Amino acid sequence: MALRTIREYGDDVLERKCKEVKEVTPRIRELIDDMLETMYEANGVGLAAPQVGILKRIVVIDVSPEADSPIIMINPEILEADGEQTGYEGCLSLPGKSGVVTRPNHVRARAFDLDMNEYEIEGEELLARAICHELDHLDGHMYVEKVEGELVDNEELASEQEENEK
Ligand code: ZN
């Protein structure tokens, strides 16, 4: 396993549509291992292959507090989305920033696992948000396109939240 360089906002690779995976080759397995390592190292809850410069339809997600429940989605597709949640969202390709985005509160999605077996997954709240965010990357979209208002610095956000708690 190895860490990969996370591409940042403004890099062309983040604006392109990714290709379907036809077969999980040893190289794809290595890519997925590296994506997981890179996501955990950066304290992220999700990472899409284009964020490490690979235009393939692969995302990894882990929203568990212990960061021990990786979800691997190959050729993912959202089947159903409902409800609404509005909250701050960030992206490893735009470090130190956050913005308010409205997303569905519940999604049901389909994807393939490492053995190319199809499975379905349902998610609410943070998981639903992460699935929507990561799948957008596969079509060349970043959350900044959906931000309501301005992007804020995470430091500012933290002090604002502290103020509100007083
Ligand atoms: Zn992102």
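**View 1. The zinc ion and its protein donors in the predicted model.** In sequence, the residues that donate to the zinc ion follow the spacing C-x41-H-x3-H. This view, like the others, is taken from a predicted model. The protein donor atoms are SG of C91, NE2 of H133 and NE2 of H137, and these atoms lie 2.0 to 2.3 Å from the zinc ion. The two histidines belong to helix 2, which covers residues 125-138, and because H133 and H137 are four residues apart there, about one helical turn separates them. Both of these residues, H133 and H137, are buried.

**View 2. The open sheet and the helix that packs on it.** Five strands form an open sheet in the order 1-2-3-6-7, and their pairing is antiparallel. Strand 1 and strand 7 stand at the edges with a single partner strand each, so one side of each of them is left without a neighbour in the sheet. From one strand to the next, the twist averages 40 degrees. Helix 1, made of residues 26-41, packs on this sheet and touches strand 1, strand 2 and strand 3, while its direction makes about 35 degrees with that of strand 2.

**View 3. Strand 2 between its two neighbours.** Is strand 2, residues 58-61, covered on one face or on both faces? Both faces are covered, since I58 and V60 on one side are buried, and V59 and I61 on the other side are buried as well. In general, the side chains of a regular strand alternate between the two faces of the sheet. Strand 1, which spans residues 46-48, pairs with strand 2 in the antiparallel sense over three bridges, and within this pairing A48 stands opposite V59. Strand 2 is also joined to strand 3, residues 71-82, by four bridges, and these two strands again run antiparallel. Here V60 of strand 2 stands opposite I72 of strand 3.

**View 4. Strand 6 and its partners, strand 3 and strand 7.** Six bridges link strand 3 with strand 6, residues 106-112, in an antiparallel pairing, and one residue to look for is E77, whose bridge partner in strand 6 is R110. Strand 6 also pairs with strand 7, residues 118-124, in the antiparallel sense, over seven bridges. Which residue of strand 7 is the bridge partner of R110? That partner is E120, so that R110 can be followed from E77 in the one pairing to E120 in the other. The hairpin of strand 6 and strand 7 has five residues between the strands, and in this hairpin M116 takes a positive phi near 60 degrees.

**View 5. R57 and its surroundings.** R57 lies in the loop between strand 1 and strand 2. Is this arginine, R57, buried or exposed? R57 is buried, because its relative accessible area is 11%, and the cut-off for a buried residue is under 20%. Leaving aside residues up to four places away in sequence, R57 touches several others, among them K17, C18, K19, E20 and V21, as well as M73, I74, N75 and P76. L138 and D139 are also touched by R57, and the backbone oxygen of L138 lies 3.3 Å from a polar atom of the R57 side chain. By contrast, Q161 is 104 residues from R57 in sequence and 36 Å from it in space, C-alpha to C-alpha.

Terms used:
Residues numbered from 1 in each chain as written. Predicted model: local features only at pLDDT ≥ 70, side-chain atom pairs only at ≥ 80, totals over all residues. Heavy atoms only, no water. Donors = N, O, S within 2.8 Å, 3.2 Å for Na, K, Ca; no water. Buried < 20%, exposed > 50% of the residue type's maximum accessible area, 1.4 Å probe, protein only. Pairing = 2+ DSSP bridges. Axes fitted to C-alpha atoms, helices over the stretch in contact; angles between N-to-C directions. Contact = heavy atoms within 4.5 Å. Polar contact = N/O pair within 3.5 Å; in protein donor to acceptor, adjacent residues only side chain to side chain.
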